[in-house]
Amino acid sequence: MPTFLRRLPRRPHRPWTAAVFLTTVALLASGFTVLSASGAESGCRVDYTVNQWTGGYTAQVKVTNLGPSVTGWRLTWTYAGDQQVTSAWNATVTQTGSSVVAVNTDWNGSLATGGTADFGVQGTWRSSAPAPEDFALNGVSCGGTGTPPPTTPPPTTPPPTTPPPSEDCGAAVICSDFEDQAGPAPSGAWRFTAPDCQGAGTAAVDTAVAHSGGRSLRVDGRAGYCNHAFVAATADLSSVGPVMYVRLWVRHTTALPAAHVTFVSMPDSSQGGRSLRVGGQNGALQWNRETDDATLPAQSPAGVALSRPLPTGSWQCLRFAVDTSAPKLDTWLGDEQVPGLHADGTPDQDVDQQWLARATPPRPTAFRLGWESYGTGDDTLWFDDVAVGSSPIGC
């Protein structure tokens with residue numbers, strides 16, 4: 001499987017001691033607890049940032065090499081609580097008892113002095129989950145000696161198999177800012193469609209609201225099965241891959257409802273033409289597979305907590321990567337990888353266990369933007385700066 005590029009946001013830290021700190025912040029919107037731990041001396045630095053809830057957590061880990069350059073790294077730590085790692089991304093992570101070992105992948109193993117690597121883990125806990133404090137890089141404690149980083153760290157060269165995402169989508173199969181739309185109705189490379197039945201939902205070219213330029217696609221979505229309204233690209237996506245990368249800017253007015261809704265629909269030949277869908281349920285972003293109605297994440301409280309709502313009243317950059325050679329995919333809201341919208345091939349009960357029950361890789365062949373609701377849920381949405389291609393595309 002081609003490796004997906006994961007860009008994780010940097011978070012501020014408040015030092016507790018010179019070696020380790022622990023900060024707790026209550027996130028009012030989600031109920032999460034955010035914990036941060038950092039081992040910072042001259043050998044290495046580790047920023048360990050946790051999204052934690054009752055019984056589960058995800059951790060974003062950033063390791064900075066402050067010693068001589070290495071061509072492969074092995075980061076170890078010990079959990080003082082009863083945390084258990086269940087999955088990981090951007091590293092191979094194993095756990096024996098309370099001891100955890102993270103080893104680089106084949107593309108992020110080289111660390112120059114001052115170089116960094118980012119990876120993530122997901123896991124469970126029962127009674128306690130304090131942040132770890134005893135990080136060691138290649139057997140050397142992060143409190144050991146080493147060479148201080150240069151004032152300006154040397155630039156790292158991205159691996160050839162994982163090019164950095166670019167805002168420029170000129171080589172993509174779909175690369176549209178809708179500035180070529182001359183009339184009020186979608187035309188040219190975009191056409192209105194109602195896949196199941198047409199009702200009160202509508203779509204139009206909007207010249208009053210846009211992310212860039214002076215035009216966008218506007219969809220006035222209405223609740224109810226027969227009110228589906230989409231704008232479909234005429235491009236054939238059947239040869240895009242082996243990983244299909246999608247970037248779109250979306251703005252909407254009504255919070256995602258509890259009922260199932262969709263705003264991106266991709267006909268999928270592996271499902272006989274039925275759709276691979278991006279939308280929401282239980283107030284959070286989700287993937288849905290039309291054939292078996294499987295969702296990612298699972299619609300359990302723990303699963304939904306691993307997703308994110310789609311903010312209203314502002315433009316949001318949504319990106320995803322669909323592997324057409326394996327049942328794997330990734331999703332980013334802005335620069336944040338959404339843990340619950342990540343299928344890595346290893347089933348996790350509250351994330352992708354249901355999704356991975358179907359082992360056939362998806363093969364999207366077309367792309368549609370719009371609105372469909374299977375219960376309550378009117379919404380007005382705008383779409384702009386849409387790109388679909390075989391290389392990562394940034395915001």
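This report describes the fold, cores, salt bridges and one buried acidic residue of a predicted model.

**Overall fold and confidence**

The protein chain has 395 residues, and 53% of them count as buried. Strands dominate the count of elements: there are 26 strands and one helix. Contacts reach far along the sequence. Among contacts with a separation of 6 or more, 70% join residues 24 or more positions apart. The accessible surface is about 16,100 Å². Carbon and sulfur atoms supply 52% of that area.

Confidence varies along the chain. The average pLDDT is 83, and 83% of the residues score at least 70. Residues 1–41 have pLDDT below 50, yet this stretch has 122 contacts in the model beyond near neighbours in sequence. Residues 144–163 also stay under 50. For that segment the model has 30 contacts beyond four places in sequence.

**Nonpolar cores**

In soluble globular proteins, nonpolar side chains tend to be buried together. Here the largest nonpolar core holds 48 residues. The residues with the most contacts inside that core are Trp190, Leu248, Phe263, Trp287, Phe320 and Phe367. A second core is separate and has 28 residues, including Leu75, Leu111, Phe119 and Trp125.

Phe263 shows how one core residue is surrounded. Beyond four places in sequence, its contacts include Phe230, Val278, Leu285, Leu310 and Leu318. Phe263 also touches Arg368, Leu369, Gly370 and Trp371, as well as Leu381 and Phe383.

**Salt bridges**

Side chains of opposite charge can pair when their charged atoms come close. The whole structure has six salt bridges. Three of them are listed here, with the burial of each partner.

| Salt bridge | N to O distance | Relative accessibility of each partner |
|---|---|---|
| Asp47 and Arg45 | 3.0 Å | Asp47 11%, Arg45 26% |
| Arg218 and Asp206 | 4.0 Å | Arg218 30%, Asp206 9% |
| Arg308 and Glu336 | 2.9 Å | Arg308 12%, Glu336 17% |

Which of these partners are buried? Arg308 is buried, and Glu336 is buried too. In the Arg308 and Glu336 pair, Arg308 sits in the loop between helix H1 (301–305) and strand S22 (316–323), while Glu336 belongs to strand S24 (residues 336–337), so the bridge ties together parts that are 28 residues apart in sequence.

The other two pairs are mixed. Asp47 is buried, whereas Arg45 is partly exposed. Asp206 is buried, whereas Arg218 is partly exposed. The salt bridge between Arg218 and Asp206 links distant parts of the chain, with Arg218 in strand S15 (residues 216–221) and Asp206 in strand S14 (residues 202–206), twelve residues apart. Shared partners extend this pairing: Asp206, Arg218 and Asp220 form one network of salt bridges.

**Glu372, a buried acidic residue**

Where does Glu372 lie? Glu372 is part of strand S25 (residues 368–373). Glu372 has 4% relative accessibility and counts as buried, because the cut-off for burial is under 20%. What does its side chain meet? The side chain of Glu372 makes a polar contact with the side chain of His228 at 3.1 Å.

The contacts of Glu372 beyond four places in sequence bring several chemistries together. They comprise Asp196, His228, Phe230, His260, Val261, Thr262 and Arg277. Phe230 is listed for Glu372, and Phe230 also touches the core residue Phe263.

Notes:
Residues numbered from 1 in each chain as written. Predicted model: local features only at pLDDT ≥ 70, side-chain atom pairs only at ≥ 80, totals over all residues. Heavy atoms only, no water. Helix = DSSP H or I, 4+ residues; strand = E, 2+ residues; numbered from the N terminus. Buried < 20%, exposed > 50% of the residue type's maximum accessible area, 1.4 Å probe, protein only. Contact = heavy atoms within 4.5 Å. Areas by Shrake-Rupley, 256 points an atom, 1.4 Å probe, with all protein chains shown as cover. Salt bridge = Lys/Arg side-chain N within 4 Å of Asp/Glu carboxyl O. Core = buried A, V, L, I, M, F, W, Y, C linked by side-chain atoms within 4.5 Å. pLDDT = per-residue confidence, 0-100. Polar contact = N/O pair within 3.5 Å; in protein donor to acceptor, adjacent residues only side chain to side chain.
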